[in-house]
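Let us walk through this model together, going from one strand to the cores, the charged pairs and the rings. Please have the structure open as you read.

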Amino acid sequence: MFEYFTFSKNYKYYLSIKQMRYFLILIFAFLFITKSYSQYGPLYWKLRGYDNITNYRSVLAAYDKKDVTGAIRILDSISNIYSSNNEFKLNYVVQNEKGAMLYLSKDYANSFNTLNNNIIQMNSKKDTLNYEYAIALRLLSYVAKDWTQLTVSRYSYLERQLNVLTLMKDSSEIAADCMSDFGLSYIYTDVDKGLPYLLKAKSLCKKLKMKRSLMVIDNTLANQLSLEQPYLSIQIQKNMLQTAGRKNYADSIKLTMLAYLLAYKCQEVELFEEAIHYFHYADSIMHITNNPQYKLIAAIPLGLAQCYSKMGNKDQFVEYINIAQNAFNTISESRSMSESMFNLIVGSNYIPFNTDSALYYLQKAQDILSIESESEKKTMSIILNSQALAFQKKGNLDDAIQKIFESIKIFAGSDENNDPNFICTNGYDNELKESYLIACDLLSENITNIYSKELYDKTLNCFYCCDTLMRRLAINISDEKAIFDYSKRYKQLTGDILKIQNLTNQNPEIAFHFVCNSKAFQLMADIKRHSYISTKDDSLWRKKIEIEKNIKLITNKKTNATSNQLKTLNDSLANIEKDMLLDLMVINYEIMKHRKADNQYFINEDLIRITQNNIEEEHLIIDIYQTEKKAFIFSVSKNELSCFTIDNVEKLDSIANQFYISLKTGGNSSASASMLSDLILKPIASNLSKRKSITFIPDNILYQVPFEVLPNPNNGKMLIYDYSINYHYSTALWNKSQRNETPKEYSLLAIAPVFEKNKNLTIDSYFKGAHLEDDYLNNIKKESLCPLPYTLEEVEEIGKLFKTQETNCVILTKKDANKHYFFNSFLNHTIIHIATHGYASKVSPNHSGFFLYSNDSNNTSYNNLDFVNMNEIYSVKTNADLVVLSACNSGVGPIYNGEGLMALPRGFIYAGVPNVLASLWKVHDIKTKVLMVAFYKHLLDGNNYAKALRLAKLDCIYTGHHPLDWAGFVLIGG
């Protein structure tokens, strides 16, 4: 089962999601697939001609009264009549029905003989291309699955059945179910083999309106592909629950199961309030319909107990854990999980409240379990992990470390000293990652109390193994929210290693390694995923973008239907959305398959060595990393790495925020600037005196700070007077930007819609649909996008500078400044200059972007707006070396814990642009024009980007501009 703990130390631990998913699949299969076998119903009544079978309804009546012997006796008498009259085709149906009833009665031997003899009979008559031959093979596949004495595999019967129907060119319900069976049989062991059959079956089921089969297929796909896409899976499950039938008694079974699955999926990603709602919903359906599902009688209160445990609600936890235990003890033959698993879940959820009870139940789970199978090994690992956490909560670190080492050894093995082998390349990535995460937390806590070289080495081994596994697993995640979760966990791992006393002084290169990988973790993972796409064929990616656009449109229509109380329309749209989300999950999976084999962004090489090889003699990197309590300032030069700590991170953030607000509002920022300089720059003053350029890599609120305004601790002047300054999201990405060659000659694309006066600006319909959750964008008014007349002068003057040097230059203004022309021209220039209104979404980072005109060919008045967002930029391949976002707020956005600033420049970095010039606040377009023209003048004089920007800013200073007018533009890149 899926677990999540929150202790006073705020340490989070998850049990294996794969194990959770397997458990859900078993329950789903029981309720949806095997249900039809417990109450027999004829297969494909019309196709197989049941109405032509003499006395067949008498057979059904006998079977429904549980008189299996009587039903078989009637079938035998019917068979004798057909045989004597040479009515072989009708006899095939009768024999298959007999075999099916014997199978459901668990008389596997007689069932096999009956069905096999029927197959032999059809072979002898060379009558093998018919439905009954296929049905016999299908039923034999069920017998092969359940009868352990049969040596023939289930797959051989499924393949034969599929071949028969293929030769018949059949597209009936039988073919749909056959492909579904085939896909379901393979999907859990070989996704690539099972997936195509499930997709074909889904298409045919939709055409034939086979709702029950569709539900099985959809649920299977959503579960099987959910490991890397959990939030998409939740949305699919919500749509399935919303649109499920509510007409009859049988529908209640489906509703119960769908609600239960949705509850566990919500719990999986810490949406505990939602999980509790859906657990109660599943339980209420069973009570209202008086139709208890015995597999869930204990599972539902157990799930509720888990939720209340994670939320720290002891009273509710105790109430539901007692209900779950009583229910589990009364349904011994219909349990949804083993006794060992049940005790594991009970014990692990007792940890926040009573460690003695937790250890008692965990020991019961361990005593019952034998670790002969792979699944049992994984369960044992989870038991040991939970015991380690219980001992840690109890304050017994020695026993906790012993337990976690035992867990690691299950999959990593042990050395001659019986210590774990500390490996991360044996195929148990998820299992070892969970154990290493706990080990890192335990060892970092223990080593501060008891130090030894041996323990120190083991601690570092654990951290490096966990580091490798987390980064390797992260690049397979397709779900944006899920990678955020991973980012937070990796930042927590980095926080743990930084707790080790004297690490930053004795081994700053180790601390630096984790800080580098923790900063912009999601950004590096996304860049890696986007690099999977072939440069020759990006059809998958284009299809993904199109599906995402259509999903947003459907979401918009659903919202309107809900507000207007149009339930039928809303349900119809929910079904469409569900299918689109499933298509998106499949596309994401296919994209992952096309990934490159290299591990460019996630490596365990010596990052300090790589960085120092890239640094020039007169350059300095200042990398700032914040935990909940401290800030770590790394200073990296060609031959030196040092680190110092700011112990009061709240004070640092408060001063930084005060400085930012006073600066962007034109207030007096000198006092806060001096305090910030004393905190960050004064300790490295001697190192600063030797440099001419600096790269700042900030964290959290410091992303909003233009450091060039801070006083130089060596002379009191603003840093801009002495240094060329640029910024980046992480040192690892800065290293990447150093591998890009500067263009031998520049070519410019400049775009400025201007937004002239007296134009009645409106928003494109897709744009509205894509931003429902964002009040600003959804309710934007004409006056929100005021005219930018000086942007026209800006791009025209810049164009003249380039044309003077006979440089390739394309200028798109007014009516030509639309998305169509922009994306058509984007690929072919080294510098992209965008002068327009920008927007940073605080709700969804991927909705940050900038405004252009719509592509609408009928938009003759050019008053219809459109929007370019980060998601669209991600999909673009470009040779651009620099993008200049001469737009207000283009460099700002929400700051996410563990991920930093989510702003528009990240989208261009995703797209492969190594350098982006963006703004931190609103700047008047006249002042912007002056700065931008000066920047390009100095660039074309032969200066690099950072130096050209510095000289342009100095020009502004010398002409009397305040920091408000020039400091907001920062260079992100090399």
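Why is strand β18 (residues 915-919) largely enclosed by the rest of the structure? Of its 5 residues, 5 are buried, so the rest of the structure largely encloses β18. Buried here stands for under 20% relative accessible area, exposed for over 50%, and partly exposed for anything in between, using a 1.4 Å probe and protein chains only.

Before going further, a word on the source: this is a predicted model, in which local features need pLDDT of at least 70 and side-chain atom pairs count only at pLDDT 80 or more, while totals for chains, interfaces and linings use all residues. Residues are numbered from 1 along each chain as its sequence is written, and side-chain values use heavy atoms, with hydrogens and water left out.

**Strand β18 and its partners**

Look at the two faces of β18: N915, L917 and S919 are buried on one side, and V916 and A918 are buried on the other. Strands are DSSP runs of E with at least two residues, helices are runs of H or I with at least four, and both are numbered from the N terminus. Two strands pair if DSSP finds at least two bridges between them. With strand β15 (residues 882-885), β18 pairs in the parallel sense over 3 bridges, and V883 stands opposite V916 there. With strand β19 (residues 969-972), β18 pairs in the antiparallel sense over 4 bridges. On that side, V916 stands opposite I972.

**The chain as a whole**

Stepping back, the chain holds 43 helices and 19 strands. Buried residues account for 60% of its 974 residues. A contact is a pair of heavy atoms within 4.5 Å; among contacts between residues at least 6 apart in sequence, 70% join residues at least 24 apart.

**Nonpolar cores**

A nonpolar core is a set of buried Ala, Val, Leu, Ile, Met, Phe, Trp, Tyr and Cys residues joined through side-chain atoms within 4.5 Å. The largest one has 312 residues, and Y436, I622, L676, I680, F908 and F935 have the most contacts inside it. Leaving aside residues up to four places away in sequence, I680 touches I624, I633, F644, I646, L652, L702 and F707. There is also a second, separate core of 7 residues, with L788, Y839, F851 and F867 among them.

**Salt bridges**

A salt bridge needs a side-chain nitrogen of Lys or Arg within 4 Å of a carboxyl oxygen of Asp or Glu. The whole structure has 37 of them, and three are set out here.

| Salt bridge | Closest N and O atoms |
|---|---|
| D76 and K98 | 2.9 Å |
| D579 and K206 | 3.2 Å |
| K458 and D419 | 3.2 Å |

In the D76 and K98 pair, D76 lies in helix α5 (residues 68-84) and K98 in helix α6 (residues 88-104), so parts 22 residues apart in sequence are tied together. D76 is partly exposed at 27% relative accessible area, while K98 counts as buried at 16%.

D579 belongs to helix α29 (residues 567-593) and K206 to helix α11 (residues 191-208), so their bridge ties together parts 373 residues apart in sequence. D579 is buried, with a relative accessible area of 13%, whereas K206 is partly exposed at 43%. Both take part in a network of salt bridges that links K202, K206, D218, K578 and D579.

K458 sits in helix α23 (residues 453-474) and D419 in the loop between α21 (397-412) and α22 (429-447), so this pair connects parts 39 residues apart in sequence. K458 is buried at 15% relative accessible area, and D419 is buried at 14%.

**Aromatic pairs**

Rings of Phe, Tyr and Trp (its six-membered ring) pair if their centres lie within 6.5 Å; planes under 30 degrees apart count as stacked, over 60 as edge-to-face and the rest as tilted. That rule gives 36 aromatic pairs. One of them joins Y260 and Y264, edge-to-face at 5.4 Å centre to centre with 70° between the planes. These two tyrosines are 4 residues apart in helix α14 (residues 249-268), about one helical turn, and both are buried.

F935 and Y936 form another edge-to-face pair, 5.1 Å centre to centre with 70° between the planes. F935 is buried at 0% relative accessible area, and Y936 is buried at 0%. Elsewhere, ring pairs link F317, Y350, F353, Y360 and Y361 into a cluster.
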